Amino acid sequence: MKRLIAFAAIACVGLLTACGGGDTGSSEQAGSGSAPATVAKDDAVADKVPDKFNDGVNVAVYSDWAPEEYVENGEFKGWSVELAKIWSQKMGTDFKLNASGFDSIVPGMENGRYDMAVASLGVTDERIKTLDFVPMQKEGTSFAWAKTKPDNKVTKVEEACGKSVAVLTGAWEYDYLTKNMKKLCATSPMDIQQFKDQPSAELAVTSGRVDLVAAGSGKLGYAAQQSGSLDVGDFIVNAVYNGVGVPKGSELGPVLRDAMQSAIDDGSYEKLRRSYGASEAGDLKKAVLLTEDQPNG
């Protein structure tokens, strides 16, 4: 008999880089959402779980990326952690969570230490050479402004031209905006200002020192929900899949995809994301398994 889910919190190790494109260093950790505590096992999914996972699935979790996944007071939290819990229950098997620095996750899967990673992994050309992916959402860059500064509102990326924009040092947003500045803003470039952590970038905006903050759409949606001092644009730039990674060719991949589809079908996926303030624009309507041979699912 496959055991029901058992989550064991293990102490955090050093955290270095963020999941999608840059490190947050964020201490922004509010309470968890209102996801259902349990869901029914899906026999059609559970029957496909390979025997090698009867004793459980070893899961690496990146531990400082709210609202997707983080550790607070020794407890794993976040909507992607809760979604993994839903998958586990549908599969009827344990997910054993292990806190990990981001730079240790891919090597850990390559050497067999981990069977999967809950780390909001962006699906990039480089990563898909060694990993398969079961996306949890589509996410890209969003822009936010202070509620007290409605004139800073932008409805498309070009409207940020001529404005000051806070970004996380080394983040994907910095690379994207600087590399595309001439194309986006021919005569009135953005004033890109880098900050050492995400809360500092957001504070620069809410305090009026910077016009806009650019970051991952899920991250900014969560920040706006928690702080009440930011408004977020309803557009996403360069949306890409991100979610769970497994070793290339793993038998676990198709089962996780089917568990994801079951969560979509019964509504638990949508309910979970809304409870954390995740944007409907990033919701998936169909579960997919992305591989190097089939990068679009």
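Axes here are lines fitted to C-alpha atoms, for helices over the stretch in contact, and angles run from 0 to 180 degrees between N-to-C directions. In this predicted model, helix α2 (residues 79-91) and helix α8 (residues 252-265) pack at an angle of about 105 degrees, with their axes 9 Å apart. Angles of 65 to 115 degrees count as roughly perpendicular, so α2 is roughly perpendicular to α8. Helix α2 also packs with helix α9 (residues 268-275), at about 160 degrees. The model further holds one cavity of 30 Å³ or more, and its second largest pocket has a volume of about 170 Å³.

**Contact of α2 with α8**
- From α2, the contact draws on Leu 83, Ile 86, Trp 87, Lys 90 and Met 91.
- These α2 residues meet Leu 252, Val 255, Leu 256, Ala 259, Met 260, Ser 262 and Ala 263 in α8.
- By class, the residues of the α2 contact with α8 are ten nonpolar, one polar and one charged.

**Contact of α2 with α9**
- The axes of α2 and α9 lie 10 Å apart.
- Angles over 145 degrees count as roughly antiparallel, and α2 and α9 are therefore roughly antiparallel to each other.
- The two helices, α2 and α9, make a right-handed crossing.
- On the α2 side, Trp 79, Glu 82, Leu 83, Ile 86 and Lys 90 take part, and they meet Ser 268, Tyr 269, Leu 272 and Arg 273 in α9.
- The contact of α2 with α9 comprises five nonpolar residues, one polar and three charged.

**Residues with more than one role**
- Leu 83, Ile 86 and Lys 90 of α2 take part in the contact with α8 and also in the contact with α9.
- Arg 273 of α9 belongs to the contact with α2 and also lines the largest cavity.

**Largest cavity**
- The volume of the largest cavity is about 40 Å³.
- Its lining consists of Gln 137, Lys 138, Glu 139, Ser 217, Gly 218, Ile 236, Arg 273, Ala 278, Ser 279 and Gly 282.
- Two elements, β7 (131-146) and α7 (217-227), give two or more residues to the lining of the largest cavity.
- Strand β7 contributes the most to this lining, with three residues.
- The cavity lining divides into two nonpolar, five polar and three charged residues.

**Second largest pocket**
- Val 123, Thr 124, Asp 125, Ile 128, Val 240, Tyr 241, Leu 290, Pro 295 and Asn 296 line the second largest pocket.
- Six residues of the pocket lining are nonpolar, two are polar and one is charged.

Definitions and conventions. Residues are numbered from 1 along each chain as its sequence is written. This is a predicted model: local features need pLDDT of at least 70, side-chain atom pairs count only at pLDDT 80 or more; totals for chains, interfaces and linings use all residues. Side-chain values use heavy atoms; hydrogens and water are left out. Helices (H or I, at least four residues) and strands (E, at least two) are DSSP runs, numbered from the N terminus. Angles under 35 degrees count as roughly parallel, over 145 as roughly antiparallel, 65 to 115 as roughly perpendicular and the rest as oblique. A crossing is left-handed if the near helix is turned anticlockwise from the far one by less than a right angle, and right-handed if clockwise. Contact means heavy atoms within 4.5 Å. Ala, Val, Leu, Ile, Met, Phe, Trp, Tyr, Cys and Pro count as nonpolar, Asp, Glu, Lys and Arg as charged, and the others, Gly among them, as polar. On a 1 Å grid over the protein atoms alone, a cavity is a set of points where a 1.4 Å probe fits but cannot get out, and a pocket is an open set with protein on both sides within 12 Å along at least five of seven lines; lining residues have an atom within 4 Å of a point. Grid points are joined across faces, edges and corners, and a volume is the space filled by probe spheres set on the points.
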